[in-house]
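Dear colleague,

Please find below the structure I promised to pass on to you. My notes on it follow directly after.

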Amino acid sequence: MKYDVLFVHPQNYGNLQTYLKLPSLELCQISAVLNQNGYSNKLVDCFIDGHDIQELDNMLPIESPRIVLIYCSEYNHINALHTAYYLAQRYPNALIGILGMIVTFIPEYLLKRYPFIDFVLLGNADYVIKDILERDNKLSCCQDIKNICYKCGGKIINNGMNYNYSLNDLPTSNRELYDLKKYHFHSPEAIVRSSRGCPSHCAFCNKTAYSPLMVESMKNFFSEIDILIKNGFNQFFFADDTFAFTYYRLLEFCDYYRNHNYSFRWTSNLRLNDITDELISKMKENGAYRVFIGIETLNHKSCELVDKTQNILDLESRIDILKKHKMEFHASLIVGNPGDTIEDLEHTSKFIRKIQPTLATFNTIKVYPGTPLYDNPDQYGILAEDMMWFENPDWNKRPMIYTKDLSPEQIAFYSKKMMVDMLI
């Protein structure tokens, strides 16, 4: 069969393991738009099975698609580039495109450096592939399409980002693009999302720049959950950057959950400052079993430096609320946050051991394109072996970003020490 669009989700570089193996919601949404408009599409998923590029040959359709679109994250960036090169040789008449959180902010760099990539999608690009197909695959006719950067006539053209639609305008995401049985076998917990963007503006995160805050209706949100329940899932990770960003939003969810007799369990991201006795009680009563909290640092001045709006002084009292309601919590910290010193890391290690979160992750500092830390490293005391660390084959072996206060060796040491300290 000849497909209009071939999606490819490469495996993580070096088969790097992540906390959860989750499909790309972006590809599922683009697929739904294509289906709605009569365009055929297929996914080659190397991610769930760990297939490498050499194994692609037996997985690809024989006939060339019109467009190949490759999902790219920090974890598979290197493999995504290798895959793009391979597919450009395999399908010389197809347009080769790439999308993802990092590539959105470096499109000109990618198109100059990698001649086999024809275009880069920018931010929320749900309709862009459909629009290209409607122009008969001619990028020269795409001047009016936002959220794309592309090559045309020897030039690189960036049309910029714009959002003139609501999430409620989109068709229900095509979750069957992926083999759901394989994902269910890997984990009974599926990913869903009721919003995009984030109400916070942390200097180390590019989510705000990637998308404005956009919210979906609860009816549409639950319609996608219904599809996943029918496919055997009974737990969900709400991947909103912060799900209960207002108490009213949480009440909307709880009313729908209760009135329609749902009983699934769920976990979500939650800001420290949003934790109240009332909010956690309401979440717990309506299926929540765990929250993910980006604490990042216990240094109040460091929080101010990176615009992390949270009150560290009452952190312990917020954690006590979670424990009171027997709510599991996953604490996430950045080892090497701008402004932190060895003394801060020692204090953090002792504190995490004291509060005993259900899970804790100690992530070494990284800088992401699209963030103030990446654009103005000197302002934050950021130093780097390689600012393009995600293209360096050694990025998952050692820290490549560090600070004037903490060396790469110190960051590497404390990321391991803090984990060990928590467990003993």
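In these notes, a patch is made of residues with over 30% relative accessible area and no salt bridge, and nonpolar side chains are joined into one patch within 5 Å. Please keep in mind that this is a predicted model.

On the surface, Val 420, Leu 423 and Ile 424 form a nonpolar patch of about 320 Å². One of these residues, Leu 423, belongs to helix α14, which covers residues 408-423. Is Leu 423 buried or exposed? Leu 423 has a relative accessible area of 62%, so this residue is exposed.

I turn next to the empty spaces. Rolling a probe the size of a water molecule over the atoms shows where empty space is left. Four cavities of 30 Å³ or more are present in the structure. The largest cavity contains about 210 Å³ of space. It is lined by 15 residues, and those closest to its centre are Gln 29, Ser 173, Arg 193, Glu 216 and Glu 224. Two elements, α1 (25-36) and α7 (218-230), each give two or more residues to this lining. The largest share, three residues, is supplied by α7. By type, the lining of the largest cavity consists of five nonpolar, five polar and five charged residues.

There is also a pocket to report. The second largest pocket has a volume of about 210 Å³. Among its 15 lining residues, Tyr 127, Asp 131, Lys 146, Asn 147 and Asn 164 are the closest to the centre. The lining of this second largest pocket comprises six nonpolar, four polar and five charged residues.

With kind regards

How values were computed:
Residues numbered from 1 in each chain as written. Predicted model: local features only at pLDDT ≥ 70, side-chain atom pairs only at ≥ 80, totals over all residues. Heavy atoms only, no water. Patch = residues over 30% accessible without salt bridge, like charges linked within 9 Å, V, L, I, M, F, W, Y side chains within 5 Å. Areas by Shrake-Rupley, 256 points an atom, 1.4 Å probe, with all protein chains shown as cover. Salt bridge = Lys/Arg side-chain N within 4 Å of Asp/Glu carboxyl O. Helix = DSSP H or I, 4+ residues; strand = E, 2+ residues; numbered from the N terminus. Buried < 20%, exposed > 50% of the residue type's maximum accessible area, 1.4 Å probe, protein only. 1 Å grid on protein atoms, 1.4 Å probe; cavity = no way out; pocket = protein on both sides within 12 Å on 5 of 7 lines; lining within 4 Å. Points joined across faces, edges and corners; volume = space filled by probe spheres on them. Nonpolar A, V, L, I, M, F, W, Y, C, P; charged D, E, K, R; others polar.
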